[in-house]
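Good morning, and thank you for the opportunity to speak. Please keep the sequence and the structure in view during this short presentation.

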Amino acid sequence: MDRHEQQEPEDLAQLIARLKDTYDVTDSEIARRIGVAPATVNSWVHRKRGTGRGPNKDKLRALAAAFPKFTEAEIFAAAGRRAPGSLSPDARDRILALIDELTEDQQQITEIQIRALVDRNRSGA
């Protein structure tokens, strides 16, 4: 490959294949470690979307925790998503305190804005 050609980013199926090789585990073992059904991992491996948008952030984080040779950022990128930032309890309290100061209409607008940001992150944009 010419070094100027851009390589396609790794998708979740490819990352899981690497993970299985690295840790010598099966779909069933991955599923057991992250608390999902083996069929769920199998659907990721075979790129089946079903009715959802792929793995949720908790399952992606669980993959990183169970298989630490793979970072959260790497796993989220393979799933086509941006890794969410961590939120300390203090930060959560500060944000909620600010939202408590808004009018009901402003709270609804803020919720819509936050949902739009979350949807954008989920889409990998």
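I shall speak about one helix, then salt bridges, aromatic rings and a pocket.

What we have here is a predicted model, in which local features need pLDDT of at least 70 and side-chain atom pairs count only at pLDDT 80 or more, while totals for chains, interfaces and linings use all residues. Residues are numbered from 1 along each chain as its sequence is written, and side-chain values use heavy atoms, with hydrogens and water left out.

Let me begin with helix α3, which covers residues 38-45. Helices here are DSSP runs of H or I with at least four residues, strands are runs of E with at least two, and both are numbered from the N terminus. Which residues of α3 are buried? They are Val 41, Ser 43, Trp 44 and Val 45. Buried means under 20% relative accessible area, exposed means over 50%, and partly exposed lies in between, with a 1.4 Å probe and protein chains only. The cover over these buried residues includes α1 (12-23), α2 (27-34) and α4 (57-66). After α3 comes Arg 47, which has a positive phi, near 55°.

I turn now to charged side chains. Side chains of opposite charge can pair when their charged atoms come close. How many salt bridges does the structure hold? There are nine, where a salt bridge is a side-chain nitrogen of Lys or Arg within 4 Å of a carboxyl oxygen of Asp or Glu. One of them joins Lys 57 and Asp 58, with the closest N and O atoms 3.4 Å apart. Lys 57 is partly exposed, at 36%, and Asp 58 is also partly exposed, at 47%. Elsewhere, Glu 10, Arg 18 and Glu 74 are joined into one network by salt bridges that share partners. In this network, Glu 10 meets Arg 18 with 2.7 Å between the closest N and O atoms. Glu 74 also forms a salt bridge with Arg 18, at 2.7 Å from N to O. That second pair links distant parts of the chain, since Glu 74 belongs to helix α5 (residues 72-78) and Arg 18 to helix α1, 56 residues apart.

Next, the aromatic rings. Rings of Phe, Tyr and Trp (its six-membered ring) pair if their centres lie within 6.5 Å; planes under 30 degrees apart count as stacked, over 60 as edge-to-face and the rest as tilted. By this rule there are two aromatic pairs. Tyr 23 and Phe 67 are edge-to-face, with 5.0 Å from centre to centre and 70° between the planes. Tyr 23 lies in helix α1 and Phe 67 in the loop between α4 and α5, 44 residues apart. Tyr 23 is partly exposed, at 21% relative accessibility, whereas Phe 67 is buried, at 0%. The rings of Tyr 23 and Phe 70 have centres 6.3 Å apart and planes at 40°, so this pair is tilted. Phe 70 is buried, with a relative accessible area of 3%. Together, ring pairs link Tyr 23, Phe 67 and Phe 70 into a cluster.

Finally, the lining of the largest pocket. Which element gives the most to this lining? It is α7, with nine residues.

Thank you for your attention.

Key. Contact means heavy atoms within 4.5 Å.
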